[in-house]
Amino acid sequence: MNRKVGVIYSNILMLVEILSTMLFTPFLIRTLGQAEYGVYQLVTSITSYLVLLDLGVGNSVIRYMAKYRADKDEQAQKQFLGITTIYYLLIAVVALGISAVILALFPTVFAKGLSQEEVSLAEKLFGVTMCAVAIALATSAFSNTVIAYERFSVSKGTAIVLTVLKIFASVGALKLGFGSMGIVFVNFIITILTRSVYVVYVLFVLKIRPYFKKVRASYVKEIASFSSFILLQMIASQINAMSDQILLGIFAKGASVIIGIYGVGAQVLQYFKTIGSHFTSVLMPGLVRLVETGADAKRYEDEMIRISRIVFMVLSVIWVVFALFGRDFICLWAGAENEQAYYVAVLLMFPAIFSYSEGIGYQLLQSMAKHKLPAIVQVISAVLNVGLTIILIRWNPLKGAVIGTFIALVVCDIIIMNIMYKRQIGIRLTVYFAGLFKGIVPALLAAAAAGGLMKFAQLSRFGWLGFFVNCAVTALVYAVVMWLFGMNAYEKAMIRSPLQKVCKKLFK
């Protein structure tokens, strides 16, 4: 299966995940209520940390299985699958042990933020979700092997089908009155189905059986060396993404409703990040080859500007449109009681624009084997985030949590990382930002002006229709100004070429 097909499957999966959760989340919030939704979000945040027990080994499985496959070394594949299977089974047991300790601490840790009934519900939800995580961890060697073999119809296709199935099953569980417990049981069953597909596929289609004898010590050393800094970055990224909700649960009184509001904003932020990561992954071909051919700093700079502009021109207009009309969206989508989620999303989306636009810089550092440096920066960011959030929560729980994270991300993901790109890659920051902003900032200003005028028309009183008209007009002004004055020849060709191909097929 070639990579173009993989990109198509990735696009479909991204659309399915975003659309399904966007349509499902309002129904979930209204069915559960603010408090129960907040408890559900808290449990989800805690559970996500258990996934870190992967320790970055998943990336090693993909890398080395792909390598041994290219070398046609079947015995090495079986041995590597054997050692990673043992590793993941042990990790699953460790995850259950850690989960049991966390479960025992629930009543004490969240006594301030949750009522006794909410603590009891959280314990039940966590008990089910920790079992799902253990199953996912225990079978990770098989799921990553499918990815290493580039069997996108299995890895992505299965995810697409079961994501849709999960949404329908979750709606059914809520309609039948099972509440948040129904949601976690549906997720548990879907996890079993998904992992069963991967295990069966590896064992009986790829015919790779794990070999548990004569394990090479070199495997362990290679895995540890490759995975250590990836793990460090995973931990730091997870802290930045999920710590606010947990800290609110610990330090804020009556936290369940606040966590629910924060969770709505975080969900919008996740959609934004999904789009950003999608563009970054699609536009990264050839970076390793660029490094290996000995390209100079000027070549890296040109490549970074070229790719960053494409990501920036998409994410920046989404942010401008959301900044103008996001409050209307939140009220229509999640209910007026979640209006403050707008501030969570709009503030945290801003630094994400730059971190994802400049994602190629991180990819270049990784290609140069310098990925430990951004990992250290992420750790600093996480420590700063937690420290500021704990202090500011005491001032104002929701605003304090958001502002603490915002400051940490701006300082580390934007300021420090750009200094690193300058020193480690040789990027001239004045040249880079001049190239990045050229033509895009004027188009954004034009779009913001158009959106501001649309707000005077007060179309928001027409509900979803008014919202879509406001967004469409603002985006259209941006697109026209970008095409006429902002885009260069390469960027126009990226849009014109696929359109011409489609037109030829339709009108030939």
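Mentor: Before we start, accessible areas here come from the Shrake-Rupley method with a 1.4 Å probe. Keep in mind, too, that this is a predicted model.

Trainee: Okay, then how much area does the chain expose, and what share of it do carbon and sulfur atoms supply?
Mentor: The chain exposes about 23700 Å². Of that area, the part supplied by carbon and sulfur atoms is 69%.

Trainee: What percentage of the residues count as buried?
Mentor: A residue is called buried when its relative accessible area is under 20%. Apply that to the 508 residues of the chain, and the share that counts as buried is 50%.

Trainee: What is the secondary structure made of, in helices and strands?
Mentor: Look for strands and you'll come back with zero. The helices in the chain number 20.

Trainee: Let's pick one helix, α18. Why does its end-to-end distance agree with its number of residues?
Mentor: Helix α18 covers residues 440-456, which is 17 residues. The expected span is 1.5 Å times one less than the number of residues, so α18 should span 24 Å. That agrees with the distance between its end C-alpha atoms, 25 Å.

Trainee: Which residues of α18 are buried, and how wide is the arc they fall within?
Mentor: The buried ones are I440, A443, L444, A447, A450, G451 and M454. In an α-helix there are 3.6 residues a turn, so residues three or four places apart point the same way. Looking down the axis of α18, its buried residues line one face, because they fall within an arc of 125 degrees.

Trainee: And what is on the other face of α18, turned away from the buried side?
Mentor: The buried side has cover that includes α12, α17 and α19. The face turned away from it carries exposed residues, namely L445, L453 and F456.

Trainee: Which residue follows α18 with a positive phi, and is it buried or exposed?
Mentor: The residue is Q458, with phi near 55 degrees, and its place is the loop between α18 and α19. Exposed means over 50% relative accessible area. Q458 comes to 51%, so it counts as exposed.

Trainee: Where does K207 lie, and what is its phi?
Mentor: K207 is in the loop between α8 and α9. Its relative accessible area is 61%, so K207 is exposed. Its phi is positive, though K207 is not a glycine, with a value near 60 degrees.

Trainee: Now S357: which residue's backbone oxygen lies 2.6 Å from a polar atom of its side chain?
Mentor: S357 lies in helix α13, and its relative accessibility is 1%, so it counts as buried. Leaving aside neighbours within four places in sequence, it is in contact with S308, V311, F312 and Y432. The backbone oxygen at 2.6 Å from a polar atom of the S357 side chain belongs to I353.

Trainee: How far apart in space are S357 and I310, C-alpha to C-alpha?
Mentor: In sequence, S357 and I310 are 47 residues apart. In space, their C-alpha atoms are separated by 7.9 Å.

Trainee: What does E491 touch, beyond residues up to four places away in sequence?
Mentor: E491 sits in helix α20. At 3% relative accessibility, it falls under the 20% cut-off, so it counts as buried. Its partners are R309, M313 and G486.

Trainee: Last one: how many disulfides are there?
Mentor: C412 counts as buried at 1% relative accessibility, and C471 counts as buried at 14%. A disulfide needs a pair of cysteine sulfur atoms within 2.5 Å. For the whole structure, the number of disulfides found is zero.

Technical notes:
Residues are numbered from 1 along each chain as its sequence is written. This is a predicted model: local features need pLDDT of at least 70, side-chain atom pairs count only at pLDDT 80 or more; totals for chains, interfaces and linings use all residues. Side-chain values use heavy atoms; hydrogens and water are left out. Buried means under 20% relative accessible area, exposed over 50%, partly exposed in between (1.4 Å probe, protein chains only). Helices (H or I, at least four residues) and strands (E, at least two) are DSSP runs, numbered from the N terminus. The arc is that of the directions from the helix axis to the C-beta atoms. Contact means heavy atoms within 4.5 Å. A polar contact is a pair of N or O atoms within 3.5 Å; within protein, one must be able to donate a hydrogen and the other to accept it, and residues adjacent in sequence count only if both atoms are side-chain atoms.
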